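The exercises below ask you to read a protein structure step by step, so keep the sequence and the model at hand. Try each task before you turn to its solution.

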Amino acid sequence: MSLFKSNPAAAPGSASRLTIPATVEQVLLAVSLLWALTANRFFFSAALKGRSFDDPSAWGFAAAMVVLVLALHLFLLALVANRWTVKPLLVVLIITTAFASWFMQAFGVYLDPTMVRNTLRTDPAEASELISAALLLHVLIYAGLPLLLLWRVRIVNRPWRRAVLVRLGLIVVAVLAMVASVMAVFQPFSSLMRNHKEIRYLITPSNYVWSLGSTLAAEARGAAKPRQAVGLDAAAGPSWAGRTKPKVVVMVIGETARAANWGLNGYARQTTPQLAEIAAQPGSSLISFRDVQACGTNTETSLPCMFSAIGRRDYDEARIRGTDSLLHIVARAGVGVQWRDNQSGCKGVCDGLPNDAVSKVNAPGLCEGERCLDEGLIADLDGRLSEVVAGFKPGAAPQFWLMHQLGNHGPSYFRRYPPAFKRFVPACEKDDLRLCSKEEIANAYDNALLYTDHVLASLIAKLKSRAAEVDTVLLYVSDHGESLGENGLFLHGIPYAIAPDVQTRVPMLMWASSSFANSTGLDWDCLRGRAAQTPATPVSHDHLFHTLMGLLDVRSTLLEPSLDLAGQCRVPGNGAVLK
Ligand SMILES: [Zn+2]
């Protein structure tokens, strides 16, 4: 019997002994019960957090939550399932729910619209690292067994009048059960929903169905509208005309590097030995910002936000995605923009602008399939600098080169660095983090930071060696942090409002070539002094747009001088040569 075909013609007596006769409503009840009991463990533990099972009211609350989740899914399924749709619908939902519940339980993932958007954007290389034997076993048990039963089910049909009545009755009963379960524990339930709104994104599968619908609707709305041009007044600042040497602003967008494990920030382990050495040199222009807040907890959120004038302080995702990024604005003013990617793309930030990927450019020995080591970002840097120097004419526009790292992208931290950087051992060398101890995970994570330290230090060395020919500045900042098992959480992407510091605190640094500051009217010592203050000056991704506009010397009414980190350290009459 086909999985998708009900068998109304089969007379009761002729049914095979192996088939299970059931009405659509019975199937829906069974599946809702299955999900309530197997897919919502994370929701129940979050809802019951802080309660003791010695207290009888905790049992009442738990029972009410189970009934609520069961009735909710029964109600939703009853609205869409009929004798023809029930099997295909449940096949898709049962499989997806098994995957969803595994990721939620393994990594503490909340399936909100941001996370679903992030998942939809995952490239095959990223996805393959998330597949593990444990995941497949989980799916086999929680989807395979139910599907086996569903396959044997023979849908028993009722005459249509009776079918309609039964369905309406089921919907009414489900609604009454939801209302009754909420009313029975109204006080604690309403305070839970008020204080932990994000918990609703743990109710599976309605969480991902809702988030998917809202994400697709938002994308459709966005796709229907052209990107809104902003900063149309952006224009070259006065320093451009006086240029006698090319200027290149390099920005490295880090991935999943968290401030807590950053050597320069005082982490117990030295994860940034090469940068620390540069910082210790007399008169070093390396500046580390120690208190930096990311805009989001995942790449999909942070990247567009980092390059918008709106930022987190006035956060509006649709507006950020629907308007020009900093790159579009400065390119319009004449800046030579180039995005080089070693990850999952620029998330719309560089749309329509020159961009390429490390896996596509020649980076010998650094790539395996689509995955490349981050040194690929700078492999041809010398050549690019030579080109700029050769093509320079006095007064030429600055260059803005962006490099998007693979950085510490998890869960396979050990794949992010070559063997020479395997210094903290034993390091977790499995794609499934649950097979490693916390120490092994932290070791692999820290080794990946050692490699980023090496990439950044090599980049600085290259820029420094060309300082006589070209003025350069480097800005490095990570897009978000990472959980390494603290409070049972792994990876990142927790809703921003409840995200732990390890996911939102990121490393950030700046470095400038010897004559960069002078040629742009910046007092670098002043900037270093501001960053070195104790307590550390709070910085956030909101500063990036304005600081980069300042470094490129692009003028626009969009600029908020108070958010330009170097703003207070600029010599009046920007462009004047210091001393
Ligand atoms: Zn990221």
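**Exercise 1.** Which cysteine forms a disulfide with Cys428, and how many Å apart are their sulfur atoms?

*Solution.* The model is a predicted one, and the distances used here are computed from its atoms. The partner of Cys428 is Cys436, and the two sulfur atoms lie 2.1 Å apart. A pair counts as a disulfide when its sulfur atoms are within 2.5 Å, and a bond of this kind is covalent. For the handedness, look next at the torsion about the S-S bond, which is 70° in the link of Cys428 and Cys436 and makes this link right-handed. For the surroundings, recall that a residue is called buried when its relative accessible area is under 20%. Cys428 therefore counts as buried, with 3% relative accessibility, and Cys436 is buried because its relative accessible area is 12%.

**Exercise 2.** Describe the disulfide of Cys367 and Cys372 and that of Cys346 and Cys350, and then place them in the overall pattern of pairing.

*Solution.* Begin with Cys367 and Cys372, whose sulfur atoms are 2.0 Å apart. The torsion about their S-S bond is about 105°, so this disulfide is right-handed. As for accessibility, Cys367 counts as partly exposed because its value is 32%, whereas Cys372, at 5%, counts as buried.

Turn then to Cys346 and Cys350, which form a disulfide with their sulfur atoms 2.2 Å apart. Here the torsion is about -90°, so the disulfide is left-handed, and both Cys346 and Cys350 are buried.

Finally, a search of the whole structure finds 5 disulfides. When the bonded cysteines are counted along the chain, the pairing reads 1-2, 3-4, 5-6, 7-8, 9-10.

**Exercise 3.** Which protein residues are donors of the zinc ion, and how are these donors spaced along the chain?

*Solution.* First list the donors: Glu255 appears twice, each time through OE, and is joined by Thr299 (OG1), Asp479 (OD) and His480 (NE2), all lying 1.9 to 2.4 Å from the zinc ion. Next follow them along the chain, where the spacing is E-x43-T-x179-D-H. Distant parts of the chain are linked in this way, since Thr299 belongs to helix 12 (residues 299–306), while His480 sits 181 residues away in the loop between strand 12 (471–478) and strand 13 (483–484). Both Thr299 and His480 are buried.

**Exercise 4.** What volume does the largest pocket have, and what volume does the second largest pocket have? State also which residues and helices line each of them.

*Solution.* Take the largest pocket as the starting point, with about 1,300 Å³ of space. It is lined by 49 residues, of which Leu111, Met115, Val116, Thr119 and Tyr208 are the closest to its centre. Helix 4 contributes the largest share of this lining, 8 residues. By class, the lining of the largest pocket holds 30 nonpolar, 14 polar and 5 charged residues.

Continue with the second largest pocket, which contains about 1,100 Å³ of space. Of its 45 lining residues, those closest to the centre are Arg117, Tyr315, Glu317, Ala318 and Arg321. Helix 10 gives the most to the lining of the second largest pocket, namely 7 residues, and the classes in this lining are 14 nonpolar, 14 polar and 17 charged.

Definitions and conventions. Residues are numbered from 1 along each chain as its sequence is written. This is a predicted model: local features need pLDDT of at least 70, side-chain atom pairs count only at pLDDT 80 or more; totals for chains, interfaces and linings use all residues. Side-chain values use heavy atoms; hydrogens and water are left out. Donors are N, O and S atoms within 2.8 Å of the metal (3.2 Å for Na, K and Ca); water is not among the atoms, so sites may look incomplete. Helices (H or I, at least four residues) and strands (E, at least two) are DSSP runs, numbered from the N terminus. Buried means under 20% relative accessible area, exposed over 50%, partly exposed in between (1.4 Å probe, protein chains only). On a 1 Å grid over the protein atoms alone, a cavity is a set of points where a 1.4 Å probe fits but cannot get out, and a pocket is an open set with protein on both sides within 12 Å along at least five of seven lines; lining residues have an atom within 4 Å of a point. Grid points are joined across faces, edges and corners, and a volume is the space filled by probe spheres set on the points. Ala, Val, Leu, Ile, Met, Phe, Trp, Tyr, Cys and Pro count as nonpolar, Asp, Glu, Lys and Arg as charged, and the others, Gly among them, as polar.
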